[in-house]
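These are my notebook entries on a structure that I had not looked at before. I wanted to look up charged side-chain pairs to begin with, and then the packing of helices.

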Amino acid sequence: MRLILLGPPGAGKGTQAKMLMEKYQIPQISTGDILRQAVKEKTPLGEEARVYMDRGALVPDQVIIGIIRERLQKPDCKRGYILDGFPRTVVQAEALRETLAGMDSSLDYVLSIEVMEEELIQRLSGRRTCKSCGEVYHIIYGPPKRDGVCDKCGGELYQRDDDKEETIKRRLRVYQAETSPLIDYYKGRGLLREIAGKGEIGEIFERICQVLEGG
Ligand code: AMP
């Protein structure tokens, strides 16, 4: 199964992608996670990306397209994958289409998770991420057992620079301007499925599974 999870920052793409990964045994490919890892390791990619990420801006298309092309060649993608946070522009979507065509492959579905803006701000500003393993918590909706400590690995939790309120607002504007046109792009290709992003994480997951299993 080859899927894209589309939706504004804070829609829950990462959480749903991890659940889909377990259920269908296919990798989650998150360009945000790949970039954060590169920033942490201070690689040349990380140094370049950090400047954009801290501002809430998009990393240039050509950089991201290169990363995804390489990633999709890996053997674990043979049975499918979940793209989380990619594509984010029409240029990236076109590059993906060409890359897949070159591999004799194509997408099955694009799932668009829909959430109101006020709720996104509330969700993102309460988000805390583990410095060591990347696990995500929410101070109200999904707190860790011990304040500031990851349940999974004991790592320290922090607030991503781009989860601070000013940057969140910028990221939402960037989403509206650059990424939301992809909804029509994929609708026009018959691939889009809309998922209501309201409610419990498990309920949203159920809606996704119904779409995937119901065709
Ligand atoms: P995310 O974790 O998906 O919200 O991504 C965090 C940040 O990484 C974004 O705000 C962008 O700066 C950058 N980023 C992640 N994916 C992409 C992409 N497909 N295109 C451009 N920038 C990206």
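Entry 1, salt bridges. I looked up the salt bridges in this predicted model, and I noted that the structure holds 16 of them. I then took up several of the pairs in turn.

Entry 2, glutamate 213 and lysine 23. I found that the side chains of glutamate 213 and lysine 23 meet in a salt bridge, with 3.0 Å from N to O. Since glutamate 213 belongs to helix 9 (residues 201-214) and lysine 23 to helix 1 (residues 13-24), I wrote down that this pair ties together parts that are 190 residues apart in sequence. I also looked up how accessible the two partners are: glutamate 213 has a relative accessibility of 54% and so counts as exposed, while lysine 23, at 41%, counts as partly exposed.

Entry 3, glutamate 119 and arginine 123. Here I noted a salt bridge between the side chains of glutamate 119 and arginine 123, at 3.1 Å from N to O. Both residues lie in helix 6 (residues 117-125), and because they are four residues apart there, about one helical turn separates them. Glutamate 119 is partly exposed, with a relative accessible area of 27%, whereas arginine 123, with 14%, is buried; the cut-off that I needed for this step is that buried means under 20%.

Entry 4, aspartate 162 and arginine 160. Are these two partners buried or exposed? Aspartate 162 has a relative accessible area of 11% and is therefore buried, and arginine 160, at 10% relative accessibility, counts as buried too. Their side chains meet in a salt bridge of 2.9 Å, N to O, and I noted that salt bridges with shared partners join Arg127, Arg160, Asp162, Asp163 and Arg171 into one network.

Entry 5, helix 4 and helix 5. I turned next to packing, and recorded that helix 4 (residues 61-72) and helix 5 (residues 90-102) pack at an angle of about 30°, their axes being 10 Å apart. Because angles under 35 degrees count as roughly parallel, helix 4 is roughly parallel to helix 5. I entered the crossing of helix 4 and helix 5 as right-handed. On the side of helix 4 the contact is made by Asp61, Ile64, Ile65, Arg69 and Leu72, and on the side of helix 5 by Val91, Gln92, Ala95, Leu96, Thr99 and Leu100. Sorted by kind, the residues of this contact divide into seven nonpolar, two polar and two charged.

Note on methods:
Residues numbered from 1 in each chain as written. Predicted model: local features only at pLDDT ≥ 70, side-chain atom pairs only at ≥ 80, totals over all residues. Heavy atoms only, no water. Salt bridge = Lys/Arg side-chain N within 4 Å of Asp/Glu carboxyl O. Helix = DSSP H or I, 4+ residues; strand = E, 2+ residues; numbered from the N terminus. Buried < 20%, exposed > 50% of the residue type's maximum accessible area, 1.4 Å probe, protein only. Axes fitted to C-alpha atoms, helices over the stretch in contact; angles between N-to-C directions. Parallel < 35°, antiparallel > 145°, perpendicular 65-115°, else oblique. Left-handed = near helix turned anticlockwise from the far one by under 90°. Contact = heavy atoms within 4.5 Å. Nonpolar A, V, L, I, M, F, W, Y, C, P; charged D, E, K, R; others polar.
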